[in-house]
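Please examine the model below. A short series of questions and replies accompanies it.

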Amino acid sequence: MSSKPSRWPPHLQYIQSSVFHPSVPSEACLEIRGGSSAGSPRHQHRPAVAILPISSSSHPANGQHGLFATRKIPPKTHILDYIGEIHCDDRPHSDYDLSLYRFQNGINVGIDASAMGNEARFINDYRGIMDKPNAIFSDVRTPSGGMRMSIWSAGLEIKKGEEIVVSYGKGWWKARFHCSS
Ligand SMILES: C[S@@+](CC[C@H](N)C(=O)[O-])C[C@H]1O[C@@H](n2cnc3c(N)ncnc32)[C@H](O)[C@@H]1O
């Protein structure tokens with residue numbers, strides 16, 4: 001699998017394994033990579049997802065895109081990994097940056113998919129869309145010890161055509177809109 005997914009925005013770089021920014025110290029790179037070569041992708045074939053434009057006025061991300069299941073996804077199933085630029089500098093203005101790991105020496109590692117990433121960057125937060133998230137983020141270790149941020153279906157099956165939504169966390173929204181929920 002190497003071609004870009006349908007509707008991938010032309011101004012963004014599509015990558016299938018994370019790229020390390022120079023702000024990541026070499027020891028941290030080694031630990032994040034684990035024993036395998038740089039962030040080798042878990043999927044050799046497309047995940048069961050599609051990037052679709054949102055054109056419903058009742059959807060809070062109307063005019064943007066979301067990620068949708070292209071087939072039934074059983075409960076507690078790995079859907080795809082969150083791929084982007086692994087970095088240790090601050091990215092306060094990115095809406096596509098999530099925390100991967102905090103080392104004991106205080107170094108914070110994030111994955112920022114604002115300029116490069118995979119389909120996972122299109123996953124919206126459930127608020128205003130569904131009663132609860134149907135998917136979750138989970139930081140996992142690969143068999144060779146590498147660190148990944150994965151997205152899994154939650155406790156219920158995700159139906160074909162259903163939007164995949166997670167919780168960004170209250171902190172994410174508070175930091176942007178000073179809202180209380
Ligand atoms: C990681 S991106 C998700 C993909 C984005 N919709 C896109 O087309 O690129 C996060 C951005 O999506 C929008 N978003 C995601 N979930 C939302 C929600 N529940 N309500 C309103 N906006 C949302 C916000 O603009 C947010 O900054």
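The exchange that follows concerns a predicted model and takes up its ligand shell, one sheet and two backbone angles.

Me: Which elements give two or more residues to the shell around the ligand?
Reply: The ligand has 14 residues around it, and Pro60, Gln64, His65, Asp95 and Asn124 come nearest. By class, the shell divides into five nonpolar, five polar and four charged residues. The elements that contribute two or more residues are strand 4 (65-69) and strand 10 (124-125).

Me: Which strands are the edge strands of the open sheet with the order 5-12-11?
Reply: Three strands make up this open sheet, and their pairing is antiparallel. An edge strand here pairs on one side only, which applies to strand 5 and strand 11 (135-141). On average, neighbouring strands are turned against each other by 35°, direction ignored. The edge strands are thus strand 5 and strand 11.

Me: What is the bridge partner of Asp81 in strand 12?
Reply: Strand 5 and strand 12 (residues 147-153) run antiparallel and are joined by three bridges. Within strand 12, the partner of Asp81 is Ser150.

Me: Is Arg7 buried or exposed?
Reply: Arg7 lies in the segment before strand 1 (13-14), and its phi is near 65°, a positive value in a residue other than glycine. Because 12 other C-beta atoms lie within 10 Å and the class covers 12 or fewer, Arg7 is exposed.

Me: Where is Lys76 found?
Reply: Lys76 is not a glycine, yet its phi is positive at about 50°. With 13 other C-beta atoms within 10 Å, Lys76 is partly exposed. Its place is in the loop between strand 4 and strand 5 (78-81).

Methods. Residues numbered from 1 in each chain as written. Predicted model: local features only at pLDDT ≥ 70, side-chain atom pairs only at ≥ 80, totals over all residues. Near = placed C-beta within 6 Å. Helix = DSSP H or I, 4+ residues; strand = E, 2+ residues; numbered from the N terminus. Nonpolar A, V, L, I, M, F, W, Y, C, P; charged D, E, K, R; others polar. Buried ≥ 20, exposed ≤ 12 C-beta atoms within 10 Å, placed from the backbone. Pairing = 2+ DSSP bridges. Axes fitted to C-alpha atoms, helices over the stretch in contact; angles between N-to-C directions.
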